[in-house]
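I opened the file to look up the voids and one strand with its neighbours. My entries are below.

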Amino acid sequence: MLSQALSPERSALIRADGRSVEWRVTPGRVDYAEAEAEMEARVAAIRAGEAKERVWLLEHPPLYTAGVSARPEDLIDARLPVHKTGRGGQFTYHGPGQRVAYVMLDLDQRGRDIRGFVRGLERWIIGALAGFGVEGEVKDGRVGVWVTRKGPGWSREDKIAAIGVKVRKWVSFHGISLNVEPDLDHFGGIVPCGIREHGVTSLHDLGVLAGMDEVDAALKSSFEKEFGSPVAG
């Protein structure tokens with residue numbers, strides 16, 4: 001029944017055993033290095049069959065991260081701490097008012113399709129945004145989720161969510177960052193994801209004054225629909 005209701009691509013992301021995913025929300029600001037260490041430990045435990053899959057929601061203090069494809073010239077102004085990280089992608093910003101979701105899933109049980117997994121993350125974000133009346137989009141040649149903004153005689157595309165993942169022995173980690181109410185001026189220290197010709201936005205910048213709890217609820221609902229796993233935590 002479930003596979004008939006979903007596209008083949010989406011069905012491949014759903015675990016056949018229907019096991020739940022741990023949903024963890026950490027209040028306050030989590031140190032980036034500590035978060036990476038905790039992700040590493042959890043990924044190893046998932047791979048060993050000793051822990052559940054996990055989606056971990058948090059906020060970081062203001063900082064920049066450099067993915068494996070980061071170019072030195074895209075760090076315009078190192079006004080904030082810079083962390084080199086093993087995730088895919090280039091430079092991005094994390095800070096208060098941005099919901100970071102680290103996604104630790106066993107892709108060995110979800111079809112071993114990394115591209116399909118990334119597309120699933122995109123659809124997850126788009127589904128959550130739809131709950132606030134925001135139309136998220138994906139664009140050819142660009143990673144992340146975008147919104148198109150229009151006015152009399154003008155139109156522009158701004159990024160509202162970034163995606164950067166790493167997969168080790170078919171277990172994923174790192175994940176997504178959704179701009180709820182961050183300081184958008186902080187993005188000025190980098191070329192976000194190496195894209196110079198477009199800007200960034202947030203829910204509050206779009207006039208959607210949602211709180212983080214509301215965003216978390218929307219993410220939780222959309223995750224369950226996209227990945228077919230109940231979440232508990």
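These notes cover a strand, then a pocket, then the cavities.

**Entry: the model.** I am working from a predicted model.

**Entry: strand β2.** I started with β2, residues 54-59. Is it buried or exposed? I found six of its six residues buried, so β2 is largely enclosed by the rest of the structure. I then checked each face. Arg54, Trp56 and Leu58 lie on one side, and these are buried. Val55, Leu57 and Glu59 lie on the other side, and they are buried as well. Both faces of the strand are therefore covered, given that buried means under 20% relative accessible area.

**Entry: neighbours of β2.** Which strands pair with β2? I looked up the bridges. Strand β1, residues 21-29, runs parallel to β2 and is joined to it by five bridges. In that pairing I noted Glu22 opposite Arg54 of β2. Strand β6, residues 98-104, runs antiparallel to β2, again with five bridges. There, Trp56 stands opposite Tyr102 of β6. So I have Arg54 and Trp56, which share one side of β2, facing partners in β1 and β6 respectively.

**Entry: the crossover.** I followed the chain from β1 to β2. Helix α3, residues 32-47, belongs to the unit they form. I logged β1, α3 and β2 as a β-α-β unit of right-handed sense.

**Entry: the largest pocket.** How much volume does the largest pocket have? I got about 480 Å³. I counted 29 lining residues, with Gly88, Gly89, Val143, Ile163 and Gly164 the closest to the centre. By class, the lining splits into 13 nonpolar, 10 polar and six charged residues. Several elements supply at least two lining residues each, including α4 (114-130), β8 (142-151) and β6. I had already met β6 as the antiparallel partner of β2.

**Entry: the cavities.** I searched the whole structure and found two cavities of 30 Å³ or more. The largest cavity has a volume of about 60 Å³. Its lining has 11 residues, and the closest to its centre are Thr92, Lys159, Ala162, Asn179 and Phe187. I sorted the lining by class: six nonpolar, four polar and one charged.

**Entry: who lines the cavity.** Which element gives the largest share of this lining? I found β9, with three residues. Strands β9 (154-168) and β10 (171-179) each supply at least two. I cross-checked against the pocket. Both β9 and β10 also each supply at least two residues of the lining of the largest pocket.

Conventions
Residues numbered from 1 in each chain as written. Predicted model: local features only at pLDDT ≥ 70, side-chain atom pairs only at ≥ 80, totals over all residues. Heavy atoms only, no water. 1 Å grid on protein atoms, 1.4 Å probe; cavity = no way out; pocket = protein on both sides within 12 Å on 5 of 7 lines; lining within 4 Å. Points joined across faces, edges and corners; volume = space filled by probe spheres on them. Helix = DSSP H or I, 4+ residues; strand = E, 2+ residues; numbered from the N terminus. Nonpolar A, V, L, I, M, F, W, Y, C, P; charged D, E, K, R; others polar. Buried < 20%, exposed > 50% of the residue type's maximum accessible area, 1.4 Å probe, protein only. Pairing = 2+ DSSP bridges. Right-handed = clockwise from strand over helix to strand, strands pointing away.
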